[in-house]
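Student: I should like to work through this structure one question at a time. Please show it first, and then let us begin.

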Amino acid sequence: MSAQTLEVLNAFLQMPQEWRYGYDLSRHTGLRSGTLYPMLMRLAGHKLLETRWETCEPGKPPRHMYKLTASGLRFARQQVLSTSKLILRTKFGSTGS
Amino acid sequence: MSTLRSLAVKILHGTVRLAPPHAREWSSAMLSEVDFIEKDWSALSWALGSTRLLFARPTDWPVEVCSLPEAISDAPSESQPAYGWRLCPGCGRDAGVRHFNLRLFKPNTATWMWRRHSCDALHRLSAVCLAHS
């Protein structure tokens, strides 16, 4: 898994119940739109991310909002945890448990 | 609306029009999002990024990710796309586009391309646009 995908999953995990929008995620993770959106597409394609359209401000177009599904949350936690363990093991030579 | 922003909106409209069906909703999402970006240069950068959706395919999920989560096995099997390369009419187009991008955006050759082969580049770009339309 790429570091960018982990960044995005981590961003979702910080507010797991909140609906997020693309520009917010882009600013939060520092990823450009061309990297972020194909990634979101893939996550949604694998039912790890749910999407909806929401009108936030009158006079502006509806925004596409994103939230991890239950299986997406499990997947994200698993990935972030295993990566943290790997980093700990690499850095300190321990098992990280 | 500034020139930069109107250019960004034009690019995004083009992306929505040319995007493959599975990416159309996402390019529309990027188009609607541009109204919430305050800086014009950021809006243009956002719009340029949207062009990557033209080449996004539902099959290019990395293999190591596919085999990992139990989460994925929750999804019904008929909804799972086939992984890896698949022959389809879009492949030839994608290969051409990727070749074009490689030559155009490779740092060492970008200037060279624009100075000496701008006609060639424009020819390829127009071929891509025709293939999409």
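**Burial, pairing and packing in two chains**

Tutor: In this predicted model, Met39(A) has a relative accessible area of 3% and is therefore buried. We may start from that residue.

Student: In which element does Met39(A) lie, and which residues does Met39(A) touch beyond four places in sequence?

Tutor: Met39(A) belongs to helix 3 of chain A. One of its partners is Val8(A), whose C-alpha atom is 8.6 Å from that of Met39(A) although the two are 31 residues apart along the chain. Leaving out residues up to four places away, the residues touched by Met39(A) are Gln4(A), Thr5(A), Val8(A) and Leu31(A).

Student: Which element gives the largest share of the largest nonpolar core?

Tutor: The largest nonpolar core has 43 residues, and Tyr37(A), Leu40(A), Leu49(A), Tyr66(A) and Trp26(B) have the most contacts inside it. Elements of both chains give two or more residues to this core, including helix 1 (3-14) and helix 4 (70-92) of chain A and helix 3 (40-50) of chain B. In soluble globular proteins, nonpolar side chains tend to be buried together. The largest share of this core, seven residues, comes from helix 3 of chain A.

Student: Which residues of chain B are in contact with Tyr37(A), leaving aside neighbours within four places in sequence?

Tutor: Tyr37(A) is among the residues with the most contacts inside the largest nonpolar core. In chain A, with those neighbours left aside, Tyr37(A) is in contact with Gly22(A) and Tyr66(A). In chain B, the contacts of Tyr37(A) are Trp26(B), Ala29(B), Met30(B), Glu33(B), Trp46(B) and Leu53(B).

Student: Glu33(B) appears in that list. With which residue does Glu33(B) form a salt bridge, and are the partners buried or exposed?

Tutor: The closest N and O atoms of Glu33(B) and Arg63(A) are 2.4 Å apart, in a salt bridge. The pair crosses between chains, from helix 2 (residues 21-33) of chain B to strand 3 (residues 63-68) of chain A. Burial means under 20% relative accessible area, so Glu33(B) at 0% is buried, and Arg63(A) at 5% is likewise buried. The partner of Glu33(B) is thus Arg63(A).

Student: How many salt bridges does the structure hold over all chains, and which residue pairs with Glu54(A) in one of them?

Tutor: Side chains of opposite charge can pair when their charged atoms come close. Over all chains the structure holds four salt bridges. One of them joins Asp24(A) to Arg20(A) at 2.7 Å, N to O, and both of these residues are buried. Glu54(A), partly exposed at 25% relative accessibility, meets at 2.3 Å, N to O, a residue that is partly exposed at 34%, namely Arg52(A).

Student: What is the order of the strands in the sheet of chain A, and which residue is the bridge partner of Glu54(A) in strand 3?

Tutor: The three strands form an open, antiparallel sheet in the order 1-3-2. Its edges are strand 1 (20-21) and strand 2 (49-54), each of which pairs on one side only. Strand 2 and strand 3 of chain A are joined by six bridges. In strand 3 of chain A, the bridge partner of Glu54(A) is Arg63(A).

Student: At what angle does helix 3 of chain A run to strand 2 of chain A?

Tutor: Helix 3 (residues 33-45) of chain A lies across strand 2 and strand 3 of chain A. Relative to strand 2 of chain A, the helix runs at about 115 degrees.

Student: How many residues of helix 2 of chain A are buried, and which residue just after this helix takes a positive phi?

Tutor: Helix 2 of chain A is mostly covered, with six of its eight residues buried. Those six are Gly22(A), Tyr23(A), Asp24(A), Leu25(A), Ser26(A) and Thr29(A). They pack against elements of both chains, including strand 1 of chain A and helix 2 of chain B. Just after the helix, a positive phi of about 80 degrees is taken by Gly30(A).

Student: How many helices are there in chain B, and what percentage of its residues count as buried?

Tutor: Chain B has eight helices and zero strands. Among its contacts between residues at least 6 apart in sequence, 58% join residues at least 24 apart. Chain B exposes about 8100 Å², of which carbon and sulfur atoms supply 62%. Of its 133 residues, the share that counts as buried is 38%.

Key
Residues are numbered from 1 along each chain as its sequence is written. Chains are lettered from A and ligands numbered from 1 in the order in which they are written. This is a predicted model: local features need pLDDT of at least 70, side-chain atom pairs count only at pLDDT 80 or more; totals for chains, interfaces and linings use all residues. Side-chain values use heavy atoms; hydrogens and water are left out. Helices (H or I, at least four residues) and strands (E, at least two) are DSSP runs, numbered from the N terminus. Buried means under 20% relative accessible area, exposed over 50%, partly exposed in between (1.4 Å probe, protein chains only). Contact means heavy atoms within 4.5 Å. Accessible areas come from the Shrake-Rupley method with a 1.4 Å probe; for residues, only the protein chains shown count as cover. A salt bridge is a side-chain nitrogen of Lys or Arg within 4 Å of a carboxyl oxygen of Asp or Glu. Two strands pair if DSSP finds at least two bridges between them. Axes are lines fitted to C-alpha atoms, for helices over the stretch in contact, and angles run from 0 to 180 degrees between N-to-C directions. A nonpolar core is a set of buried Ala, Val, Leu, Ile, Met, Phe, Trp, Tyr and Cys residues joined through side-chain atoms within 4.5 Å.
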